[in-house]
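Visitor: I would like a close look at one part of this model, the place where two helices pack and charged side chains pair. Please set it in the context of the rest of the chain.

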Amino acid sequence: MKKDWAAAILTQTLFPRAEDIPQSLAVAFMQMMMAHAKFESEVRALQSTVAKDRSYGEQPQNWWSAKNRPKRMVKLIEERLGQIPETGAIEQLLQDAVDLTNQRNHLTHGIWWAFDLQTASIRVRGGIQREGEDQFREYSEETILAIAGRFETLEADLYKLRSNIEKRRGDDHDFDWSPSPCSEGSA
């Protein structure tokens with residue numbers, strides 16, 4: 001047993017420096033971060049659409065935790081829009097995002113403890129010890145890209161649902177793509 005542990009340690013770079021991490025793993029991490037940011041932006045846009053207030057989702061008191069977000073969004077929908085066909089799908093998408101957000105947070109806020117050269121994966125130690133939970137998790141480039149891809153899918157699905165709500169209500173969209181008017185006589 002000790003021999004296997006020692007062999008495993010020899011294939012790892014403990015507390016790796018940034019230059020010790022393969023570029024592909026760093027790129028995958030950044031793709032995940034950007035996909036998460038786009039997802040969060042779509043959640044805020046959905047909140048604003050439901051609240052019929054363009055700034056609603058940007059107000060800090062409306063930045064709900066991933067865990068509480070599904071129920072809070074359903075409550076907001078019921079208060080502002082009543083019963084709409086998209087409610088169940090929105091709740092499910094937001095529920096699906098909880099575990100992804102937890103993985104993203106573990107990667108982002110955890111300690112990048114060891115890099116395994118054989119598996120090209122990073123071993124991350126979380127900061128909070130929860131009963132029955134291993135603080136360490138391994139993330140390969142493929143795993144991180146899968147998280148990014150799932151965030152992208154959830155973001156696109158939320159956009160479609162928000163768009164359906166806006167179309168049914170006849171909402172104006174945030175962007176005016178028409179050319180700006182020119183005043184006569186200006187160059």
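Guide: What follows starts with the whole chain, goes to the helix pair, and then takes up several other sites.

The model is predicted. Its secondary structure comes to 5 helices and 4 strands, and the order from the N terminus is α-β-α-α-α-β-β-β-α. Of the 187 residues in the protein, 39% are buried. The accessible surface is about 11,900 Å², and carbon and sulfur atoms account for 53% of that area. Among contacts between residues at least 6 apart in sequence, 66% join residues at least 24 apart.

The part you ask about is formed by helix α2 (residues 23–51) and helix α3 (residues 69–80), whose axes come within 9 Å and cross at roughly 25°. Angles under 35 degrees count as roughly parallel, and α2 and α3 are therefore roughly parallel to each other. On the α2 side, the residues in contact are F39, E40, V43, R44, L46, Q47, V50 and A51. They meet R69, M73, L76, I77 and R80 in α3.

Two of the charged residues named there, E40 and R69, have side chains that meet in a salt bridge, at 2.8 Å from N to O. E40 belongs to helix α2 and R69 to helix α3, so this pair ties together parts that are 29 residues apart in sequence. Both partners are buried. E40 also has a partner within its own helix: the side chains of R44 and E40 meet in a salt bridge of 3.8 Å, again N to O. R44 and E40 are 4 residues apart in α2, about one turn of the helix. The cut-off for a buried residue is a relative accessible area under 20%. R44 is buried because its value is 14%, and E40 is buried because its value is 13%. Through shared partners, salt bridges join E40, R44 and R69 into one network. In general, side chains of opposite charge can pair when their charged atoms come close.

The structure holds 7 salt bridges, and another one of them involves R168 and E86, whose side chains meet at 2.7 Å, N to O. This pair links distant parts of the chain, 82 residues apart: R168 is in helix α5 (residues 141–169), while E86 is in the loop between α3 and α4 (87–109). The two partners have separate burial classes. R168 counts as partly exposed at 47% relative accessibility, whereas E86 is buried at 6%.

Helix α4 also contains T87. T87 counts as buried, with 12% relative accessibility. Leaving out residues up to four places away in sequence, T87 touches V74 and I77. I77 has already appeared as one of the α3 residues that meet α2.

The loop between α2 and α3 contains K52. K52 is not a glycine, yet has a positive phi of about 55°. Its relative accessible area is 56%, which makes K52 exposed. A120 is another residue other than glycine with a positive phi, in this case near 50°. A120 lies in the loop between β2 and β3 (121–125) and is partly exposed, with a relative accessible area of 37%.

Turning to the strands, T13 is in strand β1 (residues 12–14) and counts as partly exposed at 23% relative accessibility. Apart from its neighbours within four places in sequence, T13 is in contact with D20, W113, A114 and F115. For one of these contacts, the pair T13 and W113, the separation is 100 residues in sequence but 8.4 Å in space, C-alpha to C-alpha.

A nonpolar patch on the surface is made up of L14, F15 and I111, which together have about 280 Å² of accessible area. I111 is in strand β2 (residues 111–116), and its 40% relative accessibility places I111 in the partly exposed class.

To return to the helix pair: α2 and α3 are roughly parallel to each other, and the buried residues E40 and R69 form a salt bridge with one partner in each helix.

Conventions: Residues are numbered from 1 along each chain as its sequence is written. This is a predicted model: local features need pLDDT of at least 70, side-chain atom pairs count only at pLDDT 80 or more; totals for chains, interfaces and linings use all residues. Side-chain values use heavy atoms; hydrogens and water are left out. Patches are made of residues with over 30% relative accessible area and no salt bridge: like charges are joined within 9 Å, nonpolar side chains (Val, Leu, Ile, Met, Phe, Trp, Tyr) within 5 Å. Accessible areas come from the Shrake-Rupley method with a 1.4 Å probe; for residues, only the protein chains shown count as cover. A salt bridge is a side-chain nitrogen of Lys or Arg within 4 Å of a carboxyl oxygen of Asp or Glu. Helices (H or I, at least four residues) and strands (E, at least two) are DSSP runs, numbered from the N terminus. Buried means under 20% relative accessible area, exposed over 50%, partly exposed in between (1.4 Å probe, protein chains only). Axes are lines fitted to C-alpha atoms, for helices over the stretch in contact, and angles run from 0 to 180 degrees between N-to-C directions. Angles under 35 degrees count as roughly parallel, over 145 as roughly antiparallel, 65 to 115 as roughly perpendicular and the rest as oblique. Contact means heavy atoms within 4.5 Å.
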